[in-house]
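Student: I should like to learn how the features of a protein model are read. Could we work through one example together?

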Amino acid sequence: MSRGPEANFWNLLRKSIPKKCHATRIENRVGSGVPDVHAVWDGLAFWMELKITKTSSVRLSPHQIAWNTAYSHSGGLSLILVKHLGTSALFLFEGHQALELASEGLDGCTAVWTGRSAPNAWEAIGQLYHSRRPQVRGSGSGVRGSGSSEPVEGEGQSKKEGKN
């Protein structure tokens with residue numbers, strides 16, 4: 001694993017990963033633009049790019065911008081968490097903000113959350129992430145093969161079946 005400010009940032013975050021969250025730092029030298037961290041929290045997956053900066057500018061490569069934008073537009077949740085080294089402030093952005101963040105920096109792009117501690121960052125991620133959970137009706141997820149005994153709406157019923 002590489003050493004330096006970004007690795008130290010990950011180590012800080014790793015110490016406060018919430019229960020029911022499994023996060024892995026990806027050391028990816030092949031897939032350009034793939035974020036640094038893949039996480040699954042309470043059954044739902046997301047990606048997170050970690051960035052550090054000494055100024056208000058945030059360096060995102062064209063590949064990182066393209067990946068985060070495409071993933072977000074496909075319905076996935078990707079996040080960009082930035083640590084300002086001078087102030088130790090943390091800034092959380094959604095992946096669809098990647099282009100704006102790269103061009104406007106911290107001063108021109110509105111963060112979805114700002115704070116100073118890793119546990120509070122995880123709490124903000126959790127609130128954002130869990131607000132995006134699909135609505136689940138009943139005890140089943142509505143997904144085939146999910147183990148639910150309830151049929152997906154419209155499934156298992158023919159047009160000939162009438163009301164009892």
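The dialogue below takes up the sheet, the helices, the charged pairs, one loop residue and the cysteines.

Student: What kind of model is this, and how are its residues numbered?

Tutor: This is a predicted model, in which local features need pLDDT of at least 70 and side-chain atom pairs count only at pLDDT 80 or more, while totals for chains, interfaces and linings use all residues. Residues are numbered from 1 along each chain as its sequence is written, and side-chain values use heavy atoms, with hydrogens and water left out.

Student: What is the strand order of the open sheet, and which sense of pairing does it have?

Tutor: Helices (H or I, at least four residues) and strands (E, at least two) are DSSP runs numbered from the N terminus, and two strands pair if DSSP finds at least two bridges between them. Here six strands form an open sheet in the order β1-β2-β3-β4-β5-β6, and the pairing is mixed. The edges are held by β1 (21–25) and β6 (113–115); each has a single partner strand, so one side of each lacks a neighbour in the sheet. On average, neighbouring strands of this sheet are turned by 20 degrees against each other, direction ignored.

Student: How many bridges join β2 and β3?

Tutor: Strand β2 (residues 37–41) pairs with strand β3 (residues 44–53) in the antiparallel sense over five bridges. Within this pairing, A39 stands opposite F46 in β3.

Student: Which strands does helix α1 touch, and where does α2 lie?

Tutor: Contact means heavy atoms within 4.5 Å. Axes are lines fitted to C-alpha atoms, for helices over the stretch in contact, and angles run from 0 to 180 degrees between N-to-C directions. Helix α1 (residues 5–14) packs on the sheet and touches β1, β2, β3, β4 (78–84) and β5 (90–94), its direction making about 135 degrees with that of β3. Helix α2 (residues 62–73) lies across β3 and β4 and runs at about 135 degrees to β4.

Student: How many salt bridges does a search of the whole structure find?

Tutor: A salt bridge is a side-chain nitrogen of Lys or Arg within 4 Å of a carboxyl oxygen of Asp or Glu. The search finds two. In one of them, E6 pairs with R25, with the closest N and O atoms 3.5 Å apart. Because E6 lies in helix α1 and R25 in strand β1, this pair ties together parts that are 19 residues apart in sequence. E49 forms a salt bridge with K51, where the closest N and O atoms are 3.9 Å apart.

Student: Is R25 buried or exposed?

Tutor: Buried means under 20% relative accessible area, exposed over 50%, and partly exposed in between (1.4 Å probe, protein chains only). R25 counts as buried because its relative accessibility is 13%, whereas E6, at 22%, counts as partly exposed. Both E49 and K51 are buried.

Student: With which residues is S56 in contact, beyond its neighbours within four places in sequence?

Tutor: S56, in the loop between β3 and α2, is in contact with G105, L106 and D107. S56 and G105 are 49 residues apart in sequence and 5.4 Å apart in space, C-alpha to C-alpha. At 28% relative accessibility, S56 counts as partly exposed.

Student: How many disulfides are there?

Tutor: A disulfide is a pair of cysteine sulfur atoms within 2.5 Å. By this rule the count is zero. C21 is buried at a relative accessible area of 12%, and C109 is buried at 4%.
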